[in-house]
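Student: I have a structure open and some questions about it. Can we go through them?

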Amino acid sequence: MLKISKLTVTVDGKTILNGLDLEVGPGEVHAIMGPNGSGKSTLANVIAGREGYPVTGGSVSFLGQDLLSLAPEKRAREGVFLAFQYPVEIPGVANVYLLKEAVNATRQHRGEEKLDAMDFLKLVREKLKLLQMKEEFLYRSVNEGFSGGEKKRNEIFQMAMLEPRLAVLDETDSGLDIDALKIVADGVNAQRSPDRSVILVTHYQRLLDYIVPDRVHVLAGGRIVRSGDKRLALELEAQGYGWVESDPSTVSAA
Amino acid sequence: MNPAVTDLGELVGREYKEGFVTDIEADTLPPGLDEDVIRFLSAKKDEPDFVLEWRLDAFRRWQNMKQPNWAQVRHAPIDFQAISYYSAPKSDADRPKSLDEIDPKLLETYDKLGIPLEEQKALAGIAVDAVFDSVSVATTFKDKLAKIGVIFCPLSEALANHPDLVRQYLGSVVPAADNFYAALNSAVFTEGSFVYIPKGVRCPMELSTYFRINALNTGQFERTLIIADEGSYVSYLEGCTAPMRDENQLHAAVVELVALKDAQIKYSTVQNWYPGDEEGRGGIYNFVTKRGVCRGDNAKISWTQVETGSAITWKYPSVLLEGDSSVGEFYSVALTNHCQQADTGTKMVHIGRNTSSTIISKGISAGRGQNAYRGLVKVLKGAETARNYSQCDSLLMGDRCGAHTFPYLEVKNPTATIEHEATTSKIGEDQLFYCRQRGLSEEDAVSLIVNGFCKEVFRELPMEFAVEAQKLLSISLEGAVG
């Protein structure tokens, strides 16, 4: 699904990612953990194609394509989804309107018919249930006046509508209380499938109690310094990031 | 200079000076403005004497007035003696013969707006064939309206057929010498519409399709007068989303609205005159005076405008709230891209008791565009418990454009409630990226964000117009980001 080789990103002369390697297979859920400033969010943004993160070396291949050569909207239509750490407000634009544009842009890209209003609404209602959201939510402006929890839920709702091949969840757990976290995690779990891969970018182990990853990677100094199964997250929780950062011998291949 | 040329010049001047009053068959007047030109115009239209007197009076006052310079716009001084004040509509022979002769860029825009082919031809100034019989369409509407007593005709026709009605109201809202451009218009107006809605009649159609077809020969100095008698209602749509080319650079129109007791006038404008090229060359100067008066209790006037065209827009649709409990509304979207300049807003004058007004202004600046909101809310002494709510939002795209807000408040009654909110925001890279990450192209993302910004105004437009206005905004902003 996704193969990242020797990825290097340099911003203003500072190396943020330094030869990062990562491979995510179909249907797998990988967690990327690491201390603040380790490059977690940079990785998420580079995959999605955000400006301001110049790639100075390495490659990213997605379903056999050179992902880095594609514009952000092309990546999205190919099935790359980013759940934003800070979802953006768009005043005056109803949630449902953005969704419809987004769903149809992807459908068109795949050579499918645009959904008509009835079919679209049917799909929307089904997915709303998944995230336990009320229908009035559709008609509010995108993220405007949403609580932190509502914003994050909205991201996962959008993911459910767009049915991506690869979803990158950037600190989706931050700012959520335990009830909201459960709803979001259930929403993500319901979308796990053999042909959908998920990358969870998170600072805390807490999220991984609810979304159990196949692999856990620890990012430090712009590289993956340790990989393992879900137990690695628990070890980290117990010992703190200092443990992996201070011991270079723990570096292992993903 | 070659003496022969000088002589010819003098000769032309002399012929014109002596010849025009009698020779009303002339198709075009040479440039220049004096009382004789005004007499010629009036004679050409066979106007009643009172109109000629009114025009001359306006002209005399205009001569003592100065071009205003307080607006936040810049342009070279206009030479009013270099303008020709009369020219007959082009005959079919002078027009382009087919769409092949029209600027492909213009046609591309028509296509994007989804304008039918026959209508495209009409808009581009092509002599249309018999299949597209605009005359019969217009006649059908006219019959329907006539049955319920609605008068809807060119102002010149109204002057001939309903002189007393016109005389009663012409200049009663915008006096002849109201301002420099209104005075000029009063002196030389040539085209325009007249609407009268009788007591208690709700005009059954938007006065739009008719207008769109008939707007093709709108003049440089249009004058519109709309009267809604007691308890009546009318919705009037002015302009056209399709870009309109015009050889006249200066447009100075006047619109007067009169709403009597319990009457309601909804006036919507989509203005898309040629804005000039990307360097600001060419383009229309649109200096318009629009004003309505709520002359009776519970009267209501709403202005809604979407201004995307013109090199310079200078326009303040206003409402005088005379009647008790009368209502004035102003909803505006003004977009300036490239080198366009707009100084636009409104005046709400509260005179009667319990009057209320709402102002929603959305300014969008892109490229090197300059956009100013200028608004006055005035509450006179007798306007007990007047209320106003104003909201002025500016959206900036890029870092070479400008937005300016000039709100003026004059409140002479302590019971008034005035609210004013203003915001300025920049279309964010993060908003664009968010939309693109969801699969929208950059252009669709811009259009989505801008339409969201303008939503409160668009929802005031009649449905069909609103859809067109949204498309128009997207087209006007193409290439504004990135």
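Tutor: We will take the contact between the chains, then two residues of chain B; keep in mind that this is a predicted model.

Student: OK. How many residues does each chain put into the contact?

Tutor: Chain A contributes 31 residues and chain B contributes 17 residues.

Student: And what area do chain B and chain A bury between them?

Tutor: About 2,000 Å², with 61% of it on carbon and sulfur atoms. On chain B's part, 37% of the area buried against chain A comes from B:Phe433, B:Tyr434 and B:Arg438, more than from any other three residues.

Student: How many salt bridges are there across the interface of chain B and chain A?

Tutor: The rule finds two. In one of them, B:Arg438 pairs with A:Glu155, and their closest N and O atoms are 2.6 Å apart.

Student: What about residue pairs in polar contact between chain B and chain A?

Tutor: The count is eleven, with both residues of a pair at pLDDT 80 or more.

Student: Which helices of chain B supply at least two residues each to the side that touches chain A?

Tutor: Those are α11 (429-437) and α12 (442-453). The most comes from α11(B), which gives seven residues.

Student: What classes of residue are on that side of chain B?

Tutor: Where chain B touches chain A there are seven nonpolar, five polar and five charged residues.

Student: New topic. Where is B:Phe50?

Tutor: In chain B's helix α3, which covers residues 49-63.

Student: Is B:Phe50 buried or exposed, and why?

Tutor: B:Phe50 counts as buried because its relative accessibility is 17%, and the cut-off for buried is under 20%.

Student: What does B:Phe50 touch, leaving out residues up to four places away in sequence?

Tutor: B:Leu159, B:Pro163 and B:Arg167. Take B:Pro163: this residue is 113 residues from B:Phe50 in sequence, yet the C-alpha to C-alpha distance is 9.4 Å.

Student: Now B:Arg291. Where is that one in chain B?

Tutor: B:Arg291 sits in strand β8, residues 285-294.

Student: Does B:Arg291 count as buried or exposed?

Tutor: Buried, because B:Arg291 has a relative accessibility of 10%.

Student: Which side chain does the side chain of B:Arg291 make a polar contact with?

Tutor: That of B:Asp178, at 2.7 Å.

Student: What else is in contact with B:Arg291, apart from neighbours within four places in sequence?

Tutor: Several residues, including B:Val173, B:Val174, B:Glu256, B:Trp303 and B:Lys347.

Note on methods. Residues are numbered from 1 along each chain as its sequence is written. Chains are lettered from A and ligands numbered from 1 in the order in which they are written. This is a predicted model: local features need pLDDT of at least 70, side-chain atom pairs count only at pLDDT 80 or more; totals for chains, interfaces and linings use all residues. Side-chain values use heavy atoms; hydrogens and water are left out. Contact means heavy atoms within 4.5 Å. Buried area is the accessible area (1.4 Å probe) that two parts lose on being put together, summed over both. A salt bridge is a side-chain nitrogen of Lys or Arg within 4 Å of a carboxyl oxygen of Asp or Glu. A polar contact is a pair of N or O atoms within 3.5 Å; within protein, one must be able to donate a hydrogen and the other to accept it, and residues adjacent in sequence count only if both atoms are side-chain atoms. Helices (H or I, at least four residues) and strands (E, at least two) are DSSP runs, numbered from the N terminus. Ala, Val, Leu, Ile, Met, Phe, Trp, Tyr, Cys and Pro count as nonpolar, Asp, Glu, Lys and Arg as charged, and the others, Gly among them, as polar. Buried means under 20% relative accessible area, exposed over 50%, partly exposed in between (1.4 Å probe, protein chains only).
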